[in-house]
Each structure stands twice: as structure tokens, then as C-alpha cells.
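Please examine the model shown below. The paragraphs that follow treat its sheet, its salt bridges and its nonpolar surface in turn.

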Amino acid sequence: MSARIYQRPKNAMQSGKALLDQWVLEFQPAEAKKPDPLMGWAGSGDMKQQLQLRFNSADEAKAYATRYGIDAEVHATPPRRLKIQAYADNFR
């Protein structure tokens, strides 16, 4: 059972920064999705794909993973690069 730990990204459609300090533990899919014969919806018997655990820090998420024997890989958050410019720069 493997998982990945990452910090929540900022939503591009909103300017708020709420819940960006949370770390998420998501399980990797154990089996491929297959279409349902009746409706055609994609699904699988892997229930851990629906599980998403939230932690206050990466250390708490790593401790949880080691406590329960989950092989977790931590993905570091890339630094945000802000392009500071004035409105007048659009007309140069």
C-alpha cells in the first residue's frame, strides 16, 4: 500500500489562501478503473482511492504513515514565483 503526501495547492480560481497550510495523504490506486456495464461510469473496487487524510504538518503525516506501515512519499511544495508588475506595463 503506497501513498503520497503533499501540501494543498492554492486554487487558481480564488484569491484566498485558506487551508494552504494543510498536508494531505492520498493513497495510490491499487487497481485500474473499469467501466460499469450498465451505466458506463468508471469505477473500481479499491475503496482507498476515495480516502484523503489531512494533517497540520508533513511530520504528522509521515508519523501516521510509519505507524500504520504505509509506504509514503513526500512531495515538496514548489516555491511560488510572483511576477510583480504595474498596470502601466501592459501598455509598453
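Four strands make up an open sheet of mixed pairing, in the order E5-E2-E1-E6; strands, like helices, are DSSP runs numbered from the N terminus, with at least two residues for a strand (E) and at least four for a helix (H or I). Two strands count as paired if DSSP finds at least two bridges between them. Strand E5 (52-55) and strand E6 (71-74) are the edge strands, each pairing on one side only. On average, neighbouring strands of this sheet are turned by 25° against each other, direction ignored; the axes behind such angles are lines fitted to C-alpha atoms, for helices over the stretch in contact, and the angles run from 0 to 180 degrees between N-to-C directions.

The model is a predicted one, in which local features need pLDDT of at least 70 and side-chain atom pairs count only at pLDDT 80 or more, while totals for chains, interfaces and linings use all residues. Residues are numbered from 1 along each chain as its sequence is written, and side-chain values use heavy atoms, with hydrogens and water left out.

Strands of a sheet pair through backbone hydrogen bonds, either parallel or antiparallel. Here strand E1 (residues 2-7) and E6 run parallel and are joined by four bridges. Ser-2 has Asp-71 in E6 as its bridge partner.

Side chains add further links. A salt bridge requires a side-chain nitrogen of Lys or Arg within 4 Å of a carboxyl oxygen of Asp or Glu, and by this rule there are four salt bridges. One of them joins Glu-26 and Arg-4, at 3.5 Å from N to O. Because Glu-26 belongs to strand E2 (residues 23-27) and Arg-4 to strand E1, this pair ties together parts that are 22 residues apart in sequence. Arg-4 has 29% relative accessibility and therefore counts as partly exposed; buried means under 20% relative accessible area, exposed over 50%, and partly exposed in between (1.4 Å probe, protein chains only).

Another salt bridge, between Asp-59 and Lys-62, spans 3.8 Å from N to O. Both residues lie in helix H1 (residues 58-67), three residues apart, about one turn of the helix. Asp-59 is exposed at 55% relative accessibility, whereas Lys-62 is partly exposed at 38%. Arg-92 and Asp-89 also meet in a salt bridge, at 3.2 Å; Arg-92 is exposed, with a relative accessible area of 79%, and Asp-89 is partly exposed at 31%.

Finally, Leu-38 lies in the loop between strand E3 (34-35) and strand E4 (42-43), and its 73% relative accessibility makes it exposed.
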